[in-house]
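Me: I would like to go through this model step by step, with the reasoning behind each value set out before the value itself.

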Amino acid sequence: MSEREKTPVIQFKDFQFQYFSQAEPTLHNIDLTIFKGEKILIVGPSGSGKSTLGHCLNGLIPFSYKGEINGSLRIMGQETKDMDIFQLSKMVGTVLQDSDGQFIGLTVGEDVAFALENDCVELDKMKDTVQKVTDIVDMGELLKSSPFELSGGQKQRVSFAGVMVDNVDILLFDEPLANLDPATGKTAIDLIDRVWKDQEKTVIIIEHRLEDVLYRDVDRVIVISDGRIAADLPPDELMAADILPELGIREPLYVTAMKYAGIKVTPDMHAGRLDTLDTEQIREPLLAWNRAQAKKEKPKERPVILEADHISFQYTKKRKILQDISFSIQEGEMVSIVGTNGAGKSTLAKLICGFVKEDEGKLYYSGEDMADKTIKERSEKIGYVMQNPNQMICKPMIYDEVALGLRIRGVPEEEIEPKVDMALKICGLLPFKKWPVSALSFGQKKRVTIASVLVLEPQILILDEPTAGQDYHHYTEIMEFLKSLNSRGVTIIMITHDMHLMLEYTPHAIVISGGKKIGDASAVEILTDRSITEQANLKLTSLYELAVSTGIEDPSSFVQNFIDYERGTRRNENETV
Amino acid sequence: MKTKLFDYIDRDNFIYNLSGLTKLVAFICLTFSVMFSYDIRYIIFVLVLSFCFFKVSEISFRQIRTMMIYVGVFLLLNFCLTYLFSPQYGTEIYGTVHEIFRFNSRYTVTLEQILYQVTKILKYASGIPLGIIFLLTTNPSEFAASLNRIGVSYKAAYALALTLRYFPDMIRDYQDISLAQQSRGLDMSRKEKLGARIKNMMNIFVPLIFTTLDRIELISNAMDLRGFGKHKKRTWYAGKPLGKNDFLVMIFSAAVLAGSIGVSFFVNGSRFYNPFV
């Protein structure tokens, strides 16, 4: 990059921003210059101000979100205060996080053309441009497809094309990986990289999944914490700087592994990317650490609580959603159900809850056939928590929300209160008992929905994407909470495509692909099996690749050692705190 | 799976290929012509026309079955109520009495009343397929484009198109939320009393409203970021230029409307066709 002529395109000078609705500024004294053609990654925990920074760049601040701006922000030499959102949108193209929600048009072509329509471009020219841009993102063949026919990755390509039609110089990606499975996320990062190189754009990516973005070249990583810039370093130096864990940002797993092995990470190890990592320097200590790890015994067999016996399900005759699925889950297990979008994971959960009925096969709860059990009867044994808490919460007050399930069942009010208190206590919400739901953060709302299900004292809890859209800090909080529930004896089943979650928290993983079960083993075995990960759109974990590249003989057991070691250290931390 | 009701499915045939503007004009002209006239012969003519259009449009009956059941029930109810409230209206209009049957002094069955009520039902029956054809064969965005072309502000037109577009999504949300609430013990089946069911419905609508508001914030941000509302005008990717067929159809529907008015004034001398004099 150093040879390239350095023209600043974005200049923050002593920039400060405060939302009118908040007492404190969200951004303080930001001084940051981004040069033409750079690729920048902005990381930070949620609430750190990284999204606010993004909104300042694309003009949503102050256009949609009002607040007070101090200091200066210049984009392409122009002060943003003097521009409106429309002028800014010609310079900065934004790809928003939820590519589903921002799909405006009815077809791919129409959606891509949206910005052109607003610019009154003539139809013929519009069609030309749309074709050209969609070809760049490999969607040129699908101009007539509707959003329902597209996968998550394809929708994101469409939104990408939608901002490129404007021929903007700066591309801003707001959490591009949030809704994608690991393999699709990898392709998305590849695509961003290709456009960055071929079209010579300046690229800014806001994301907290650091490891996944660093899979391709990044010039600088900017770390935001508490509204301030905590670091502004090239990836190799950032890995050596050892500041991420303190700020609640997850560093790449292979870096953590190196640290566990007592290796002091230095910039010349090139740890910014796994494939540039200098394995010569770290081989010996890593091997030594791996040898020193004691093997853990296998957990004891427990009685089976949920068993599926050759289950099949289809909505219409043509398309089978689930085919011949069998599995058994033991009491007190923590299980993840993984697979691509549309593989049938959610349908499986719906079957277990009784929302839909299996066409063939049988489901057993503690050995008892569930075929004639209604949704209501099942709900006393199996609780279901949806992904988005806003889809579940229907009472304005926390207490009423949690009590709802009991009230509906006609439980007397004096029995309700102790039960609600108990559920709130388990979820760490007791201090908020009399509070309105609206005062809570997203993560707390999530816990309210879990409390409202727990109050019915189910033996099994099914959670749909429990950590979607959460940063490392909140992710750990939710998962440790679920872990503590689990240690109280609740069996927990999670639908997810978060590989970290699988590895760290669920000893048992069931993989569904194309309606069939293609894997049912420990999470470590799944994520170190190339053929299963490929079929299910997962990735091999970077720990495995680290083990392979340093020549560790049994890579899977290395990954297992890492997980065991990490659980050990985390438990110690919790005990000391 | 149940949400196909309002989903627009693209097909390639005469009706689908017409521009949204043409379909809007034809819909207005034809409906107005049956609403204006009470001449059963003319209404049957339009009815046959609208069934022909329906056939040409290749809409499958399965797609509209639920809607048809509602329409059928409504028509039946309307038929009964009309008789219940004004059993003599036919004789009032036509000025003659041809009695066939008598329940009591007020409720008699006359040829006039039968003609009046049959005419009325046929009016609805010819108008409704037209509405269905219009809704199901017009791409919402193209519809917005047509509205804009006849002078409706493009922001209003787009809002309408977005509503149509997000309707299936909302139904999907509703189903999801309803399932989650049922799993907490909310009974939505007929076993529960009506009052309790309405209260339970509220427990679904509150989260639905919040989810929808989230959606709206997201989509309006996405639209702002891509320059919606920048100029007084905009062009439409989905807009179709008017072709020869469009003009022919528009002229034809205008002629049908003119015919309806003409028949009323010059042949019947009023809006009613009176075979009894």
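Reply: A residue counts as buried if 20 or more other C-beta atoms lie within 10 Å of its own, the C-beta atoms being placed from the backbone. The coordinates belong to a predicted model, and every answer below should be read with that in mind.

Me: How many of the 13 residues of α6(A) are buried?
Reply: The buried positions of helix α6(A) include G153(A) and then the run that begins with K155(A), Q156(A) and R157(A) and ends with G162(A), V163(A) and M164(A). The helix is therefore described as mostly covered under the cut-off of 20 or more C-beta atoms within 10 Å, and the number of buried residues is eleven.

Me: Which elements of chain A do the buried residues of α6(A) pack against?
Reply: Packing here rests on contacts, for which the C-beta atoms of two residues must lie within 7 Å. By that criterion the buried residues of α6(A) meet two strands and three helices, namely β6 (92–95), β7 (170–174), α4 (108–118), α5 (123–136) and α7 (182–199) of chain A.

Me: What distance separates the end C-alpha atoms of helix α6 of chain A?
Reply: The helix covers residues 152–164, and at 1.5 Å a residue its 13 residues should span 18 Å. The separation found in the model agrees with that expectation, the end C-alpha atoms being apart by 19 Å.

Me: Which residues of β7(A) point the other way from I170(A), L172(A) and D174(A)?
Reply: In a regular strand the side chains alternate between the two faces of the sheet. Strand β7(A) is mostly covered, with five of its five residues buried, and I170(A), L172(A) and D174(A) point one way from the strand. The residues that point the other way, which are buried as well, are L171(A) and F173(A).

Me: What is the handedness of the crossover from β7(A) to β8(A)?
Reply: Strand β7(A) pairs in the parallel sense with β8 (residues 202–206) of chain A over five bridges, and in this pairing D174(A) stands opposite I206(A). The chain passes from β7(A) through α7(A) to β8(A), and this β-α-β crossover is right-handed.

Me: Which strands stand at the edges of the open sheet that contains β13(A), and why is one side of each left without a neighbour?
Reply: The sheet has six strands in the order β16-β17-β18-β13-β19-β20 (chain A), with mixed pairing. Each edge strand has a single partner strand, so one side of it has no neighbour in the sheet, and these strands are β16 (382–385) and β20 (516–522) of chain A.

Me: Which residue of β19(A) is the bridge partner of I337(A)?
Reply: Strand β13 (residues 334–338) of chain A runs parallel to β19 (residues 508–513) of chain A, and four bridges join them. Within this pairing, the partner of I337(A) is I510(A).

Me: Which helix supplies the largest share of the side of chain A that touches chain B?
Reply: The contact takes 48 residues from chain A and 43 residues from chain B. On the side of chain A, α2 (60–63), α3 (85–89), α4, α5, α13 (375–379) and α14 (398–408) each supply at least two residues. The largest share, seven residues, comes from α4(A).

Me: Is F17(A) buried or exposed?
Reply: F17(A) lies in strand β1 (residues 8–19) of chain A, and its contacts beyond four places in sequence include P25(A), L27(A), C56(A) and I69(A). Because 24 other C-beta atoms lie within 10 Å, F17(A) is buried.

Methods: Residues are numbered from 1 along each chain as its sequence is written. Chains are lettered from A and ligands numbered from 1 in the order in which they are written. This is a predicted model: local features need pLDDT of at least 70, side-chain atom pairs count only at pLDDT 80 or more; totals for chains, interfaces and linings use all residues. The expected span of a helix is 1.5 Å times one less than its number of residues. A residue is buried if 20 or more other C-beta atoms lie within 10 Å of its own, exposed if 12 or fewer, and partly exposed in between; C-beta atoms are placed from the backbone. Two strands pair if DSSP finds at least two bridges between them. A crossover is right-handed if, with the strands pointing away from the viewer, the path from the first strand over the helix to the second runs clockwise.
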